[in-house]
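Biologist: Please take one part of this model and look at it closely, and then follow the salt bridges and the unusual backbone positions elsewhere in the chain. I would like a connected account rather than a list.

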Amino acid sequence: MAKTGLLVVTNPSRVGRVLPDVQKYLLNKLYIQYLPTRLSRLLTPPSPPVAAPSPAVYSRAVIGMYSQTLGHNLDVAILLAYLKDPTQTIIRTKKSIDVVFFDQVLSNDEMNAFLKKCLANVSAGCAVVSLDNESSETPPVDTDANEAMYDNVVLGGTFDRLHAGHKILLSEAVLRCRRKLTVGVTDESMLKTKCLTELIASCEDRIADVLEVLQDLDPNIEYDVVPISDPFGPTIREPSFEMIVVSEETKAGGLKVNEAREAKSLKPLVVHSVDLLVTQIKQEQEEEDKVSSGNLRLRVLGTRLKKPEARPNLPPSPYIIGLTGGIASGKSSIGRRLEEMGAGLIDCDSLAHTLYEQGQPIKDKMVEFFGKDILDADGEINRKALGLLVFNDKAKLTALNNMVWPALWERTQHEIAKLHASGKNIIVVEAAVLLQAGWEQYCHEYWVCMIPPDEAVRRLKRRNNLPEDAARSRIAAQPSNSEQIKGATTILSTLWTYDFTQRQVIRAWKHLHNYLEEAGINKGNKL
């Protein structure tokens, strides 16, 4: 199948009907070129050139085409340069075109002439496909559009996992921009309230993605895509800006920009608001009713994010999965669900308790180092007293870890051997300290369960009856969610409903089995 295609449409209402046929040939990237007139106008431009309407009149058509692409799992970019200037008859794209689709029946001569005359970046052996999908419907024209054009336009956003809503927002700006478009991309300091913020791409990557899309939409204008660390960005400093493009949700922010500009004696901006892209296409009931990056991040939970690092030191069986996460993240409930589905489970926290029992060498070492104040009335280790002693003293915590971790992993290896001998070929090692102790090197891969820090505080206060400052201190002492997920193959979250957590775990289990089967590893434990 082809990687990149171009769909040439003369009526945008046909896009949704032809996409199923397009996907028979195409894997991922689809450019769309809308021709408001017949193809012959592009092949043989009239002389003298015919006066073109304002590009803004095509807003409705562009939005409608993006709406029709929802649910088709294609990376779509609707090209705008020709709509803005019909004398631009050469179509320029960042990616090389492997196949061209036409939404009408054309002769071979017409299609071949298009390949030769109109495409700047075309693969050798590019295929052409004529889709017989004629329609008598009249192409939409946005007669209510603000037809004015502006030299300098600005907009901002997070732009994570670029989707149709983002591309509509960017297109609305490009259609109204003559010379320079400035885009502010929020940096990490502005992401704290976002859903699953740890899964948001870096600011540098998001800037690169936005710039790549813009250069496809219209390569003829200047782009300045910059990081911003406050809601205003350059809008309250740059006098040359004339229009700001905002979404329905951020319209109030656009009005605040003008208040700030007025306070600085700068000319107010024309505020162009774009409606949210509503959708009923949901993969999870927890998703919003609009197209959003938050929905896309939600869909990542329970999937495989990357291939595991090679572990040549480990035998292929048993297949060891490390399961870790912050305190109160719900990893124990996930471990138990995996055990119900057939995995062997080792709870390292429970296993660690056995190291504190009478007669264990570790207990004697701990009493010798920390003193008898860590013992209760029965001479047993008082874990609460020990915790209060070490959590606020890094040196003492390090000393405790150096005593416990080696002995605990030795005990864990013994339990792995027992489970494998009993027939378990997939074994989950649940350990809060998996990464701190360096035990990930003994696992074929590791999964992370995460929740936002504020939710962890609420759970810890309720579960352990801790004051807030003590709860926050414990959470601050552990690696952050972002640090923990760096090498994880799968991420899960118990933030939502019990049912949603279960669906994540089932999805992760199925993906794991598919991976093991494709890799030729005997999975042993049945679904």
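**Strand 6 and its surroundings**

Modeller: Asn152 stands opposite Lys180, a residue of strand 7. That is a convenient place to enter this model, which is predicted, since the two strands concerned, strand 6 and strand 7 (residues 177-186), pair in the parallel sense over 7 bridges. Strand 6 itself spans residues 150-157 and is mostly covered, with 6 of its 8 residues buried. Strand 6 also pairs with strand 9 (residues 243-247), again in the parallel sense, here over 3 bridges, and in strand 9 it is Val245 that stands opposite Leu155.

The connection belongs to the picture as well: strand 6, helix 6 (residues 164-175) and strand 7 together make a right-handed β-α-β unit. In the loop between strand 6 and helix 6 lies Phe159, whose phi is positive, about 55°, although Phe159 is not a glycine. The relative accessible area of Phe159 is 2%, and because buried means under 20%, this residue counts as buried.

Another positive phi, near 55° and likewise in a residue other than glycine, belongs to Asn465, which is found in the loop between helix 15 and helix 16 (468-476). Here the surroundings are of the opposite kind: Asn465 has 69% relative accessibility and therefore counts as exposed, the limit being over 50%. A further backbone feature is the cis peptide bond from Ser317 to Pro318, with omega near 5°; Pro318 is found in the loop between helix 9 and strand 11 (319-325).

Turning to the charged side chains, the count comes to 27 salt bridges. One of them joins the side chains of Glu286 and Arg503, with 2.8 Å from N to O. Glu286 lies in the loop between strand 10 (270-274) and helix 9 (293-298), whereas Arg503 lies in helix 18 (residues 498-518), so this pair ties together parts that are 217 residues apart in sequence. As for accessibility, Glu286 is buried at a relative accessible area of 18%, while Arg503, at 28%, is partly exposed.

Other salt bridges lie within a single helix. In helix 10 (residues 331-340), Arg337 and Glu340 are 3 residues apart, which means that about one helical turn separates them; the closest N and O atoms of this salt bridge are 3.3 Å apart, and Glu340 counts as exposed at 61% relative accessibility. Helix 15 (residues 453-464) holds the pair Glu455 and Arg458, also 3 residues apart and so separated by about one helical turn, with their side chains meeting in a salt bridge at 3.0 Å, N to O. Within this pair, Glu455 counts as buried at 15% relative accessibility, and Arg458 counts as partly exposed at 47%. Beyond such pairs, salt bridges that share partners join Glu284, Glu286, Arg503 and Arg507 into one network, to which the bridge between Glu286 and Arg503 described above leads back.

Note on methods:
Residues numbered from 1 in each chain as written. Predicted model: local features only at pLDDT ≥ 70, side-chain atom pairs only at ≥ 80, totals over all residues. Heavy atoms only, no water. Salt bridge = Lys/Arg side-chain N within 4 Å of Asp/Glu carboxyl O. Helix = DSSP H or I, 4+ residues; strand = E, 2+ residues; numbered from the N terminus. Buried < 20%, exposed > 50% of the residue type's maximum accessible area, 1.4 Å probe, protein only. Pairing = 2+ DSSP bridges. Right-handed = clockwise from strand over helix to strand, strands pointing away.
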